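Q: Please take a close look at one part of this model and explain how it is placed among its surroundings. A connected account would be preferred to a list.

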Amino acid sequence: MLKKRDFTDCHPLYELITHPDVFPFVRQKVDSYEEYVFVTKQTMEAEESGQLISRTITDEWENPIGTISLFDVQDSAGFLGTWLGKPYHGKGYNAMAKEAFFNELFFELNIETVFMRIRKKNLRSIGAAEKLPYAVKANESRKYMYDAINENGDIFDLYEIPKDLYTLHILRQQQDDDSQQLLEA
């Protein structure tokens, strides 16, 4: 489902990122395949220096289908950026990738908070964020951050995923699974 970024994934990812339903919403915009390879190299170097965490999302056959990253990492927090190729929209990959990524971030890499800056006109991403039981809309509670990301106009909504809410979600999920197994026994 997730793997470290690799140059061998650049060609299929570039083909997916350039789709008009995807490209307007990605953080790292590129104009050519060569530029995409360069940006991937920069991403890999930035991860080595602790500035970000980035993974390639794969399908069940390990074909690259998108990326998920935590940008601007500092003080055990960062901003989530994720995209999937158009053929993979609406098939559950986004939720699976987020769960795997959050497990790695919170339980292996000691991240405490994940923020999501979502364009108000990106209704698909807002809908996905609001389905997450551990995400909190933070426009008011993190007003200073909300104002900072909207310094050029009212463009973004801000969501926050704290480690404690995510952990509680995972524990409830495990409890529900255990209860279901008892009912089936």
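A: A residue is called buried here when its relative accessible area is under 20%, and exposed when that value is over 50%. The model is a predicted one, and the part chosen for the close look is strand 7, residues 156-162. By the criterion just given, strand 7 is mostly covered, with 7 of its 7 residues buried. In a regular strand, side chains alternate between the two faces of the sheet. In strand 7, F156, L158, E160 and P162 point one way, while D157, Y159 and I161 point the other way, and all of these are buried.

The covering can be followed through the sheet itself. Strand 7 belongs to an open sheet of 7 strands with mixed pairing, whose order is 1-2-3-4-5-7-6. Strand 1 (2-4) and strand 6 (136-137) stand at the edges with a single partner strand each, so one side of each is left without a neighbour in the sheet. Strands of a sheet pair through backbone hydrogen bonds, in either the parallel or the antiparallel sense. Strand 7 pairs with strand 5 in the antiparallel sense over 7 bridges, and with strand 6, also in the antiparallel sense, over 2 bridges. Y159 appears in both pairings: Y159 is the bridge partner of M116, and K137 stands opposite Y159 as well.

Elsewhere in the sheet, strand 3 (residues 64-74) and strand 4 (residues 77-84) run antiparallel and are joined by 7 bridges. In this pairing L70 stands opposite L80 of strand 4. Helix 4 (residues 123-131) packs on the sheet and touches strand 5 (113-119), strand 6 and strand 7. The direction of helix 4 makes about 150 degrees with that of strand 5.

Helix 2 (residues 33-48) lies across strand 1, strand 2 (53-58), strand 3 and strand 4, and runs at about 125 degrees to strand 2. At 1.5 Å a residue, the 16 residues of helix 2 should span 22 Å, and the end C-alpha atoms are 23 Å apart, which agrees. The buried residues of helix 2 are Y36, V39, T40, T43, A46 and E47. These buried residues cover an arc of only 125 degrees around the axis, which puts them on the same side of helix 2. They pack against strand 1, helix 1 (10-17), strand 2, strand 3 and strand 4. The face turned away from the buried side carries the exposed residues E34 and E48. Just after helix 2, G50 takes a positive phi of about 85 degrees.

Within helix 2, T43 provides a detailed example. T43 has a relative accessible area of 3%, so T43 is buried. Leaving aside residues up to four places away in sequence, T43 touches R5, Q28, L52 and S54. With Q28, the side chain of T43 makes a polar contact to the side chain at 3.4 Å.

Helix 3 (residues 93-107) may be read by the span test applied to helix 2. Its 15 residues, at 1.5 Å each, should span 21 Å, and the end C-alpha atoms are 21 Å apart, which agrees. The buried residues of helix 3 are Y93, A97, K98, F101, F102, E104, L105 and F106.

To return to the chosen part, strand 7 has bridges to strand 5 and strand 6, is touched by helix 4, and has 7 of its 7 residues buried.

How values were computed: Residues are numbered from 1 along each chain as its sequence is written. This is a predicted model: local features need pLDDT of at least 70, side-chain atom pairs count only at pLDDT 80 or more; totals for chains, interfaces and linings use all residues. Side-chain values use heavy atoms; hydrogens and water are left out. Helices (H or I, at least four residues) and strands (E, at least two) are DSSP runs, numbered from the N terminus. The expected span of a helix is 1.5 Å times one less than its number of residues. Buried means under 20% relative accessible area, exposed over 50%, partly exposed in between (1.4 Å probe, protein chains only). Two strands pair if DSSP finds at least two bridges between them. Contact means heavy atoms within 4.5 Å. Axes are lines fitted to C-alpha atoms, for helices over the stretch in contact, and angles run from 0 to 180 degrees between N-to-C directions. The arc is that of the directions from the helix axis to the C-beta atoms. A polar contact is a pair of N or O atoms within 3.5 Å; within protein, one must be able to donate a hydrogen and the other to accept it, and residues adjacent in sequence count only if both atoms are side-chain atoms.
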